[in-house]
Amino acid sequence: MSSMHLNQLRKWILSSPPVEWGIYHLRELLIGAIRQGPVPQHVAFVMDGNRRFARSHKIETVEGHNLGFEALAKILEVCYKSGVKVVTVYAFSIENYKRSKYEVDALMEMAKVKLSQLSHHGELLDRYGACIKVLGQREMIRADVLEAVDKAVSMTAHNTDAVLNICFPYTSRAEIVSAIKGTVDDFSKPLTAQARPFSQSRISQKIRSRNLSTSPNGARRETSPAPSNISDIDDSISSTTTLHPESPPSDSRGPSLYPDPETITVETLNDHLLTAGNPPLDLMIRTSGVKRLSDFMLWQCHEDTELVFLDCMWPDFDLWQFLPVLVEWQWKQKHLDDGSSVRSKIKVW
């Protein structure tokens, strides 16, 4: 008997009412048990293997992607029911535009339909209070698809309990470049008068200047008085003479004042990323047996992110593949809380 026939027989058995009832209650019991322990607050999925699944089952590639969406819907429910707050999925890479026009167009059409299904009132996301955020290069999205994207985002904007980040079209390098551009743009804007705070170092400098301008016998030297309308300048501010010497002053009172680039930190870049405001990435899972990140969330993968590579194709990924990953993640978290320093950051199953 072929694998396709075995798969059909398996589905037939699992769809029988007694088996469905038993599986449903077992599933709810397991998810309830997961909720009792620490739960990752941010989980990312590289949904890989749809095309290979289609080839191996001798079905159309587009049908493989459709089955992949069904797998996503099931996993989203498991995640939100377990207590995960943010799910980020790699739906479409910028590099995917290099695929055949037929496949790209089919994926775009499918995106329109699936976004509508996800955001429909009363459906999955509304049940768990999850909003959709589409992260990526908007200018690369077809106009009709962009309209569907904006509608899905708008229809779920009232949900505040959880988030579904759909990376479409996306690469991490493009995101990092965008974050750097945003930071440069912010630090290139002159500070307003209200944004110029008093500075202890500036005050000290003025006091020393006054002391130096006084002679030993108490008589003051002839010096030009400092203009009374120049605000004190914080250490985190620099003038156009150092940042932009060719720029004209913004007003008649003196040179424009800019934020000091020395104050740029990791958090500054975090605030300009597409995932700004999300909790740190706890767990990243990639299916299909491929062991690489493929330019996905390179910045967000920090020292505590768990990377898991699974051999199953994405359409086959369900609670029974996800559960062992969650259980192991919880086990490691408990050992970390106990002070254990031994931890594997990459798991290949």
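In this predicted model, H65 is found in helix α4. Its relative accessibility is 9%, and because buried means under 20%, H65 counts as buried. The side chain of H65 is joined to that of N50 by a polar contact of 3.4 Å. Leaving aside residues up to four places away in sequence, H65 touches N50, R51, R99, E103, L107 and M110. Three of these partners, E103, L107 and M110, appear again among the buried residues of helix α5.

Helix α5 itself covers residues 101–119. With 19 residues at 1.5 Å a residue, α5 should span 27 Å, and its end C-alpha atoms are indeed 27 Å apart, so expectation and model agree. The buried residues of α5 are E103, V104, A106, L107, M108, M110, A111, K114, L115, L118 and S119. As background to such a list, an α-helix has 3.6 residues a turn, so residues three or four places apart point the same way. The buried residues of α5 are covered by elements that include the helices α3 (50–56), α4, α6 (124–127) and α7 (143–155), together with the strands β3 (130–135) and β4 (162–167).

Turning to the nonpolar interior, the largest core has 52 residues, and F45, L164 and F322 are those with the most contacts inside it. Helix α4 (residues 61–82) supplies the largest share of this core, with eight residues. Around F45, the residues touched are I75, C79, V87, T88, V89, Y90, I285, F296, W314, F317 and F322, again not counting those up to four places away in sequence. Another core, of twelve residues, lies apart from the largest one; A44, L281, M284 and L307 are among its members.

D282 belongs to the loop between α10 (266–270) and β7 (283–286). This aspartate has a relative accessibility of 17%, which is under 20%, and therefore counts as buried. Beyond residues up to four places away in sequence, D282 touches P40, Q41, H42, D304, T305, E306 and W329.

Finally, a word on the cysteines. A disulfide is a covalent bond between the sulfur atoms of two cysteines. With a cut-off of 2.5 Å between cysteine sulfur atoms, the count of disulfides in the model is zero. Two cysteines can be placed by their accessibility: C131 is buried at 10%, and C167 is buried with a relative accessible area of 1%. Both values fall under the 20% limit, which means that C131 and C167 are classed as buried.

Note on methods. Residues are numbered from 1 along each chain as its sequence is written. This is a predicted model: local features need pLDDT of at least 70, side-chain atom pairs count only at pLDDT 80 or more; totals for chains, interfaces and linings use all residues. Side-chain values use heavy atoms; hydrogens and water are left out. Buried means under 20% relative accessible area, exposed over 50%, partly exposed in between (1.4 Å probe, protein chains only). A nonpolar core is a set of buried Ala, Val, Leu, Ile, Met, Phe, Trp, Tyr and Cys residues joined through side-chain atoms within 4.5 Å. Helices (H or I, at least four residues) and strands (E, at least two) are DSSP runs, numbered from the N terminus. Contact means heavy atoms within 4.5 Å. The expected span of a helix is 1.5 Å times one less than its number of residues. A polar contact is a pair of N or O atoms within 3.5 Å; within protein, one must be able to donate a hydrogen and the other to accept it, and residues adjacent in sequence count only if both atoms are side-chain atoms.
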